[in-house]
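User: I am new to this structure. Please walk me through the reasons behind the terms as we go.

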2 protein chains.
Amino acid sequence: MLIGEYIHRLDEKNRVPLPAKFRREMGKNVVITPGLDNCLFVFTTNEWERVSGALTHKNSELSFLRRDLRVFNRNLFGQATEVEIDSIGRILIPNFLKDKIGLKEEAALVGVGDRVEIWSLPSWKKYLDETEKEQSAIAEKLASDE
Amino acid sequence: MLIGEYIHRLDEKNRVPLPAKFRREMGKNVVITPGLDNCLFVFTTNEWERVSGALTHKNSELSFLRRDLRVFNRNLFGQATEVEIDSIGRILIPNFLKDKIGLKEEAALVGVGDRVEIWSLPSWKKYLDETEKEQSAIAEKLASDE
DNA sequence: TTCCAGGTGGGAAAAAGTGGGAAATTTTGA
DNA sequence: TCAAAATTTCCCACTTTTTCCCACCTGGAA
């Protein structure tokens, strides 16, 4: 299970270390995609197989005939990349993904159970700030949903 | 699986490199056709067999009886070309296809799972911009289609 | 205070992208 | 029908980017 928050720097070659704690649970390669709320999702290849497999079986044999599937697949697959974890545990963030979430030098790597999320540090802090107050309200809501 | 986005230049002989990551999954030849939404589809020869077979026999063994299929298939098949990947991994874009999608110097090559798409860079950016917001709505829709 | 694990940085080698010359082929016009 | 011109194809070479590997630094633990 991937948990915890780690702050690391991107070097000038766009490499960022996967925190050692995460590294053990992720194999040799990972898949990076744009996530929701302006962050990147990092999946293990297994998890990616599961996600993309679940989605493609909804695609018909000729998925390009449907507009909604074209839009969806272009955004999902077109913006994903498989990257190798280097010998000392770093991954390379492609420029177009870096730009997409406004990532500069400082990144927050966050374990969210089955995936890792990468945030630019300022957006991460802002997000935590903004959602902190909601937390207890959401808890109440979850409790009453029972 | 073909994923990711790569920006490359066409040289003045209309050659564009297939990104190395794609090259490994595509054989010696590919088929290029006009795609949908103002891009080109690039299929491996295998994938092309599958796609063209499925289209030819769509709905009936005698697709030429339907006007809409005649229109669609004439555009798809009539404008398709098989091109060879050269010794260092480039493909040649025929002029009429280049013109069809308004391709100038800068091209985006996008992996969409089972095919590669070629876009003129400005149209690709515009398309992503315009469709990004739809993505989560389509995701919800796909999820509820179960 | 020394050792170790993890993070940071950078050099060198390899791979990939870009451009262009020359041979081969096709087209054109006499 | 042939020769000249133009286009296409094939290959080579240069440049840039990426990858791989090594070394250093830092902070925490023994």
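User: What makes β3(B) and strand β4 (residues 40-44) of chain B a pair?

Analyst: Two strands pair if DSSP finds at least two bridges between them. β3(B) and β4(B) have 5 bridges, in the antiparallel sense, so they count as a pair. One bridge links Val30(B) to Thr44(B) in β4(B). The two strands also form a hairpin, with 5 residues between them. In its turn, Asp37(B) has a positive phi of about 70 degrees. The model is predicted: local features need pLDDT of at least 70, side-chain atom pairs count only at pLDDT 80 or more, and totals for chains, interfaces and linings use all residues. Residues are numbered from 1 along each chain as its sequence is written, while chains are lettered from A and ligands numbered from 1 in the order in which they are written.

User: What makes strand β3 (residues 29-34) of chain B a partner of strand β5 (residues 81-84) of chain B?

Analyst: The bridges again. There are 4 between them, in the antiparallel sense. Asn29(B), for instance, has Glu84(B) as its bridge partner in β5(B).

User: Why are β1 (2-9) and β5 of chain A said to stand at the edges?

Analyst: Each has a single partner strand, so one side of each is left without a neighbour in the sheet. The sheet is open and has 6 strands, in the order β1-β7-β8-β4-β3-β5 (chain A), with antiparallel pairing. Neighbouring strands are turned by 25 degrees against each other on average, direction ignored. A strand here is a DSSP run of E, at least two residues; a helix is a run of H or I, at least four; both are numbered from the N terminus.

User: Which strand is the partner of β1(A), and over how many bridges?

Analyst: Strand β7 (residues 106-113) of chain A, over 8 bridges. In β7(A), Leu109(A) is the bridge partner of Tyr6(A).

User: Which strands of chain A does helix α5 (residues 121-145) of chain A touch?

Analyst: It packs on the sheet, touching β1, β7 and β8 (116-120) of chain A. Its direction makes about 105 degrees with that of β8(A). Axes are lines fitted to C-alpha atoms, for helices over the stretch in contact, and angles run from 0 to 180 degrees between N-to-C directions. Helix α2 (residues 45-56) of chain A lies across β3 (29-34) and β4 (40-44) of chain A, at about 105 degrees to β4(A).

User: How many residues of chain A are in contact with chain B?

Analyst: 20 residues of chain A are in contact with 21 of chain B. Contact means C-beta atoms, placed from the backbone, within 7 Å. The largest share of the chain A side, 7 residues, comes from α3(A). By class, that side has 8 nonpolar, 6 polar and 6 charged residues. Ala, Val, Leu, Ile, Met, Phe, Trp, Tyr, Cys and Pro count as nonpolar, Asp, Glu, Lys and Arg as charged, and the others, Gly among them, as polar.

User: Which residues are around DNA strand D?

Analyst: Among them are Lys13(A), Glu84(A), Lys13(B) and Ser87(B). The test is a C-beta atom, placed from the backbone, within 6 Å of the strand. This surface has 4 nonpolar, 2 polar and 4 charged residues.

User: Which residues come nearest to DNA strand C?

Analyst: Of the 17 residues around DNA strand C, they are His8(A), Ala20(A), His8(B), Pro17(B) and Ala20(B). β1 of chain A and β1 (2-9) of chain B each give two or more residues to this surface. It divides into 8 nonpolar, 4 polar and 5 charged.

Methods
Two residues are in contact if their C-beta atoms, placed from the backbone, lie within 7 Å.
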